[in-house]
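Me: Please explain how the descriptive terms for this structure are justified. I should like each value set against its definition.

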Amino acid sequence: MVPMTSAILVLGGVFLLALFVWVRTRRRILRSGVPDGRVVCQDADRRRNLERPLVSPRYGLIGNPDYLVETASGLIPVELKSRDCARSGPYASDAAQLTAYCVLVEDSLGVTPSHGIVQYADRSWPIRYTAKRRKRILLIVDEMREARQFQTVHRDHEQAGRCRACGYRAVCDEALD
């Protein structure tokens, strides 16, 4: 009788430990901003080999969202950001990047996402994928492509912090102090 009781206690302990690990993992996933579903591809874990990128020859785009999740409502690109979200909402550059990923999913996989998610350190922000956003990002891509033809591309902001972090600061004659 004693060995049977010990076995039941050990199995009960293993079950409780497994339940604890499952609950903790589930909470971590929910906080990550990754929606419930199957992760189709991921580019967030730098220890793993990169997935094959999404390619759109039609628009000249290539890239990978941090996560591409297959949910009940379709494929959802998720982009992770290590900084907090601005009080006014997602940064325009982050929304544009996510929209570009939606264009890539649509053009390379033939599936139109309803939205994407920007996951900041402090909150998750869904970005609807609309025809207006799609048109805007394609105009920006065209402007970038045209700008590559010029010898000089002028700064388009007044943000000193952004300038300090720019990789072209050393050769830029418009850098802010």
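Reply: Certainly. A residue is called buried under 20% relative accessible area, exposed over 50% and partly exposed in between, with a 1.4 Å probe and protein chains only. This is a predicted model, in which local features need pLDDT of at least 70 and side-chain atom pairs count only at pLDDT 80 or more, while totals for chains, interfaces and linings use all residues. Residues are numbered from 1 along each chain as its sequence is written, and side-chain values use heavy atoms, with hydrogens and water left out.

Me: Why is E79 called buried?

Reply: The relative accessibility of E79 is 5%, and therefore E79 counts as buried. E79 belongs to strand 5; strands are DSSP runs of E with at least two residues, helices are runs of H or I with at least four, and both are numbered from the N terminus.

Me: What makes the pair E79 and Q97 a polar contact?

Reply: The term requires a pair of N or O atoms within 3.5 Å; within protein, one must be able to donate a hydrogen and the other to accept it, and residues adjacent in sequence count only if both atoms are side-chain atoms. The side chains of E79 and Q97 are joined at 3.4 Å. In addition, a polar atom of the E79 side chain lies 3.3 Å from the backbone nitrogen of D66.

Me: How do you know that strand 4 and strand 5 pair?

Reply: Pairing needs at least two bridges found by DSSP. Strand 4 and strand 5 (residues 74-80) have five bridges and run antiparallel. They form a hairpin with two residues between them. Strand 4 (residues 67-71) also pairs with strand 1 (residues 38-42), in the antiparallel sense, over four bridges.

Me: Why are I137, L138 and V141 placed on the same side of helix 3?

Reply: These three residues of helix 3 are buried. They cover an arc of only 100° around the axis, the arc being that of the directions from the helix axis to the C-beta atoms, so they lie on the same side of helix 3. On the other side, K132 and K135 are exposed.

Me: What makes a set of residues a nonpolar core?

Reply: The members are buried Ala, Val, Leu, Ile, Met, Phe, Trp, Tyr and Cys residues joined through side-chain atoms within 4.5 Å. The largest such core has 16 residues, of which L61 and V103 touch the most other members. Helix 2 gives the most to this core, with six residues.
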